[in-house]
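Reader: Please guide me through this model, one feature at a time. I should like the general idea before each case.

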Amino acid sequence: MRLQFMLSEIWTGLRRNLSIAVSVMLVTTVSLYLLGLGLLLQREVDTLKGFWYDRIQVSIFMCGDDSAEPNCAGRGVTDEQRTALKDQLDQMKPLVKNVYFESEQQAYDRFQEQFRNSPLASSIRVGDIPQSYRVQLSDPTKYDVVVSAFQGAPGVGRVQDQQKTLDKLFTVMNGVTVASLGLAFIMIICAVLLMATTIRQAAFTRRRETGIMKLVGASNLTIRLPFVMEIVLATLVGVGASVGLLYATIHYLTGYVARELPDVAIVGAGDVWVVAPTLAAIMLIIAIVTSWATLRRYLRV
Amino acid sequence: MIRFENVSKVYPRSSRPALSDISLEIERGEFVFVVGSSGSGKSTLLRLVLKEEGVTQGAVLVAGQEVGRLPQRKVPRLRREIGTVFQDFRLLPNKTVYQNVAFALQVLGRSRHAIRQVVPETLEMVGLDGKEKRLPHELSGGEQQRVAIARAFVNKPPILLCDEPTGNLDPTTSLDIVRLLDRINRTGTTIVMATHDDDIVDQLRKRVVELKNGHIIRDENKGVYGSGR
Ligand SMILES: Nc1ncnc2c1ncn2[C@@H]1O[C@H](COP(=O)(O)OP(=O)(O)OP(=O)(O)O)[C@@H](O)[C@H]1O
Ligand SMILES: [Mg+2]
């Protein structure tokens with residue numbers, strides 16, 4: 001079939017079935033948007049892991065003069081105790097990669113900086129956050145070794161490892177990913193059913209044309225291709241719209257995160273371009289398979 | 001050109017065969033009327049030639065090829081060799097006369113150049129020149145049937161099957177249509193026409209095959225409508 005004739009047939013078909021073509025497009029958009037969010041969230045988890053594993057730390061908080069920790073027994077850490085802790089840490093190389101000391105004043109300043117937009121900042125005084133050693137590990141997964149070595153040591157109030165906090169965050173993010181992928185799955189089922197219904201209806205409204213095509217000996221491909229192409233076109237528009245929406249979402253979020261959490265790594269617009277081909281491929285395959293299978297059933301030759 | 005060898009056809013969910021043990025040979029360039037009362041199997045006979053239905057028993061051969069053995073993907077090629085005309089015209093209501101005829105060539109992938117040449121020729125041959133831009137509802141029944149014939153013939157098929165092409169037309173118009181078919185027949189096209197129309201059969205004096213309850217009860221050259229009356 002000549003290209004021009006075919007295009008005009010597809011165009012006529014789309015115009016005649018515009019509302020249903022638009023609904024195919026919208027359902028495609030929403031399902032791919034959810035699928036895309038799920039994929040991007042997974043990439044974000046990976047990004048964060050890389051980002052945080054680089055700077056993951058175990059914090060050894062020492063006793064302050066009025067610490068409530070039972071191990072401190074109400075006394076602040078002495079200079080000897082602090083030096084002993086430092087020596088012990090130095091002996092744990094190479095697992096311990098770096099050790100930084102953070103004084104009460106430095107801890108206060110960092111808190112003020114991190115929570116400058118929050119009412120929390122003004123509720124904290126110097127000394128509320130005790131002085132600490134920040135320990136960077138060469139293998140972040142072995143934080144337990146450090147934690148157990150210092151938990152309960154003289155002058156140590158509390159040993160806190162960020163891994164635990166992070167794991168909680170990752171659990172939440174994985175949960176959201178599963179939820180969005182689950183919704184995407186439901187929406188994709190909707191898309192498949194809608195495409196099948198669309199084809200059935202189009203095959204019915206155009207039974208006269210297809211009947212004549214069969215009689216004059218048009219090939220199966222010629223008869224079926226316009227139907228498939230209509231669905232593919234609607235799908236492509238949906239793919240474009242969903243990628244646009246994802247781009248806008250990420251663009252907005254990156255701006256927000258850059259302002260509010262300047263030292264947190266986040267997926268960027270580049271990642272949208274990475275997932276876009278996957279989204280397009282998945283949906284196009286679904287569209288082609290669904291419409292061809294429906295045509296085999298409802299457009300007998 | 002068309003040969004039936006002991007063909008029987010039983011539709012699913014039907015006890016009585018629509019055709020039983022039919023043997024028939026139609027030569028190239030013949031004009032054959034298939035007559036018989038309603039339900040005698042005329043349309044079934046034509047559908048078997050087009051492979052719209054498969055035979056239950058026996059073989060149908062078109063141009064030496066056994067239709068029943070043809071794989072599905074080769075059926076379109078068979079149908080390109082056969083033009084078809086129906087009682088209800090089957091035109092596309094929102095395409096003009098010209099577009100309706102051109103459609104048959106477009107879906108076969110013919111070039112625009114070829115279409116622009118052959119469509120006007122065919123329309124002139126069926127007597128529709130000057131009405132190219134009309135829509136089907138702006139035409140009389142006879143004119144609509146001419147469009148349908150032009151569409152069936154525009155690809156110059158060696159065989160033309162007509163299922164009661166005059167069923168919806170008055171006697172004068174019917175005769176005009178059959179004269180047109182006769183002219184097409186004289187270009188060498190084999191024509192098989194199922195009909196109820198006794199006047200036409202009696203006037204044209206062609207070969208007549210009469211069916212009754214799925215059997216051939218008469219096959220004569222230069223025949224008349226006969227017993228069905
Ligand atoms: N699709 C079908 N399924 C079942 N039975 C059918 C089908 N088509 C036709 N028949 C039966 O086959 C027999 C022959 O039908 P056919 O349509 O060939 O007759 P016909 O001679 O063309 O009749 P008419 O002059 O009314 O068009 C009839 O008994 C009919 O009921
Ligand atoms: Mg009939």
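Author: In strand β4 (residues 156-161) of chain A, the bridge partner of A:Val58 is A:Asp161. Strands here are DSSP runs of E with at least two residues, and helices are runs of H or I with at least four, numbered from the N terminus. This is a predicted model, in which local features need pLDDT of at least 70 and side-chain atom pairs count only at pLDDT 80 or more, while totals for chains, interfaces and linings use all residues. Residues are numbered from 1 along each chain as its sequence is written, chains are lettered from A and ligands numbered from 1 in the order in which they are written, and side-chain values use heavy atoms, without hydrogens and water.

Reader: With which strands does β1(A) pair, and in which sense?

Author: Two strands pair if DSSP finds at least two bridges between them. Strand β1 (residues 57-62) of chain A pairs in the antiparallel sense with β4(A) over 5 bridges. β1(A) also pairs in the antiparallel sense with strand β3 (residues 132-137) of chain A, over 5 bridges. There, A:Phe61 stands opposite A:Ser132.

Reader: Why is β1(A) described as largely enclosed by the rest of the structure?

Author: Buried means under 20% relative accessible area, exposed over 50%, and partly exposed in between (1.4 Å probe, protein chains only). In β1(A), 6 of the 6 residues are buried, so the strand is largely enclosed by the rest of the structure. A:Gln57, A:Ser59 and A:Phe61 point one way, A:Val58, A:Ile60 and A:Met62 the other way, and all are buried.

Reader: How many aromatic pairs are there over all chains?

Author: Rings of Phe, Tyr and Trp (its six-membered ring) pair if their centres lie within 6.5 Å; planes under 30 degrees apart count as stacked, over 60 as edge-to-face and the rest as tilted. The count comes to 4 over all chains. In one of them, the ring centres of A:Phe5 and B:Phe103 are 6.0 Å apart and the planes stand at 65°, so the pair is edge-to-face. This pair crosses between chains, from helix α1 (residues 3-16) of chain A to helix α3 (residues 97-106) of chain B. A:Phe5 counts as buried at 9% relative accessibility, and B:Phe103 is buried at 0%.

Reader: Which side chains make polar contacts with ligand 1?

Author: A polar contact is a pair of N or O atoms within 3.5 Å; within protein, one must be able to donate a hydrogen and the other to accept it, and residues adjacent in sequence count only if both atoms are side-chain atoms. An N or O atom in the side chain of B:Ser43 lies 2.7 Å from an oxygen atom of ligand 1, and one in the side chain of B:Arg16 lies 3.0 Å from a ligand oxygen atom.
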